[in-house]
Amino acid sequence: MASIMEAFNASTTNLPSATLDRLVGAKAQTGFLSNITNGVNIWSVLFTLLAAAVVYDQIAYWRNKGVLSGPAWKMPFIGPFLQSVDPKFEAYHKQWMSAPLSCVSVFHIFVIMGSTRDVARQIFNAPAYVKPCVVEVASKLLRPENWVFLDGKAHVEYRKGLNGLFTRQALTGYLPGQQEVYEQYFESFFQSSEKARKEKSGAGPDKGGEKSVYILRELMCALSCRTFVGHYMSHSQVKEIADDYYNITAAMELVNFPIIIPFTKTWYGKKAADKVLEAFASCAAKAKIRMKSSGAKAECILDRWILQMMESEQYRQRIERGESVPSEEKPAQVLRGFTDFEISMTLFTFLFASQDATSSACSWLLQLLADRPDALEKVRAEGNQIMGDRYGKYGAVQIDDLDNMAYTRAVVKETLRYRPPVTMVPYKVKKPFPITPEYTAPKGSMIIPSLWRSLHDNEAYGSHGGADEWAPERWIEGDAEEQGKNWLVFGTGPHYCLGQTYAVMNLMLMIHLLSANFDMHHTVTDRSEEIRVFATLFPMDDLLLSFTRRVAA
Ligand code: HEM
């Protein structure tokens, strides 16, 4: 306004009108610019930048999305982050069923979900384009230099060195320790059921159920620790790890806030992970000393690994001395020496890979068996027939016995199919990945093969009431065993589960011993069949179980 007044005042001078017009124009322009600049402050600059970033974020999402199914609009920056903090099975299920390929974008991460069997297999089998990324925070917890993040040849080589820890001979050696752990925990389940029954006087076994998923998690952690590090870890340390492990799982959301902020889930998770790493490193140091003493026998994975390192070192020394070593004396894998911390990181990956998955599997196994007495009786009858006098005795089960338990195996495999513990396996796209002729996944995006549809596919598992029914018989008299292409419970391709034989065997051992010695009583609620997502899948009501000692018929 002031500048217009100044221009107006100028008209009172005697300048020619054209010059005056030019001057008025120039004055008015200067006034307009200064108006703008006068209005500019830090907030308007920030607002403009923010608006530009929102527009950029949205356009980047559309560009990445291309022809994929997924929300048309992205919540600025965070996307569906808040939903991923409290994930709902139904929401995931809806997404898996929505299309073979769908997408969301959370923070800066573009996430592609591959849901059908063929798309999932295509992703698993594309190591040239993708590498595992577990979930974003995993590299912070497991450490970025951990072997599970190796790719290509380096991964294949490292993994070869671990194969010897999961051979039949190795698994045989872990069985006695595992049976000790089962005996100890089953006894404590029974004792706490007895206590609960006394406290809730008058409650029958079927009414006295206690939430069991937590104690089953502890059992699985104790079992893993015994298998991995034997007696190098005390019972109280195992208990501490089992308790802390909850924080590690809680930190494992599909997408986390990008930085670790104190007192958040990821912060607690990282603290717990550091403690586990320290504990395993100390076990490694102790094992290195023990295994050098004469006559020391390998009792756990750690012992076997160190033994293999020692044998490799002896072999190398013989070669260096110029000896010609007969080929049968050459170790199956010549290993380098690993530091205590390297060993610890690797053992942590085993715990990391097994803890949630086996806890989930054993929760559903017990729920399903408690609810289907006919199946439970078949497991018992088979065990009794195979074990004879040894039936129900801890320490008596050998690997050959488990091999012969066809029905028990069918129960485990059917449970893994019906309630797959791992439903999604995140991979990262290393270079543009042409998944279909119409769509190429952009470099840097997360791509997730999802296993549910493959395992609930009626074309493969349509017999015995259909794929949504739990029917162990389909593995005995049906053709489930021939559906190898659909059997993605343990993944496929170069990163397929290293512990799959061990996991199935261990779950078989658990239901065999438990059913031989105890009766299980499930307090069924209207939420028992609902699915809770906590990294893996669990019964929504946390599985109310109680145990009574079995009186043999
Ligand atoms: C029911 C139990 C289990 C299930 C359902 C399961 C499932 C899986 C799945 C889906 C993968 C990803 C495979 C891929 O990317 O193709 C995996 C990887 C892996 N699992 Fe398991 N797992 C189980 C138990 C175990 C156990 C007990 C161990 C070890 C003792 C283990 C060790 C591993 C390792 C080390 C990997 C990564 C392999 C690699 O990157 O080369 N898992 N598991």
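This passage walks through a surface patch, an iron site with its loop, and a small set of paired strands in a predicted model.

A convenient place to begin is the outside of the protein. Here V40, I42, W43, V45, L46 and L49 together make a nonpolar surface patch of about 620 Å². One of these residues, L46, sits in helix α3, which spans residues 42–65. L46 has a relative accessible area of 41% and therefore counts as partly exposed, since that class lies between the 20% limit for buried and the 50% limit for exposed residues.

Attention now turns to the ligand. Its iron atom has C497 as the only protein donor, through SG at 2.3 Å. C497 belongs to the loop between α19 and α20, and T492 is found in this loop too, with α19 covering 458–461 and α20 covering 500–517. With a relative accessible area of 16%, T492 is buried, because the cut-off for that class is under 20%. Leaving aside residues up to four places away in sequence, T492 is in contact with R121, F124 and N125.

The paired strands complete the picture. Three strands form an open sheet in the order β4-β12-β9, and their pairing is antiparallel. At the edges lie β4 (210–211) and β9 (518–522), each of which pairs on one side only. Five bridges join β9 to β12 (residues 544–549) in the antiparallel sense. For F518, the bridge partner in β12 is R549.

Definitions and conventions: Residues are numbered from 1 along each chain as its sequence is written. This is a predicted model: local features need pLDDT of at least 70, side-chain atom pairs count only at pLDDT 80 or more; totals for chains, interfaces and linings use all residues. Side-chain values use heavy atoms; hydrogens and water are left out. Patches are made of residues with over 30% relative accessible area and no salt bridge: like charges are joined within 9 Å, nonpolar side chains (Val, Leu, Ile, Met, Phe, Trp, Tyr) within 5 Å. Accessible areas come from the Shrake-Rupley method with a 1.4 Å probe; for residues, only the protein chains shown count as cover. A salt bridge is a side-chain nitrogen of Lys or Arg within 4 Å of a carboxyl oxygen of Asp or Glu. Helices (H or I, at least four residues) and strands (E, at least two) are DSSP runs, numbered from the N terminus. Buried means under 20% relative accessible area, exposed over 50%, partly exposed in between (1.4 Å probe, protein chains only). Contact means heavy atoms within 4.5 Å. Donors are N, O and S atoms within 2.8 Å of the metal (3.2 Å for Na, K and Ca); water is not among the atoms, so sites may look incomplete. Two strands pair if DSSP finds at least two bridges between them.
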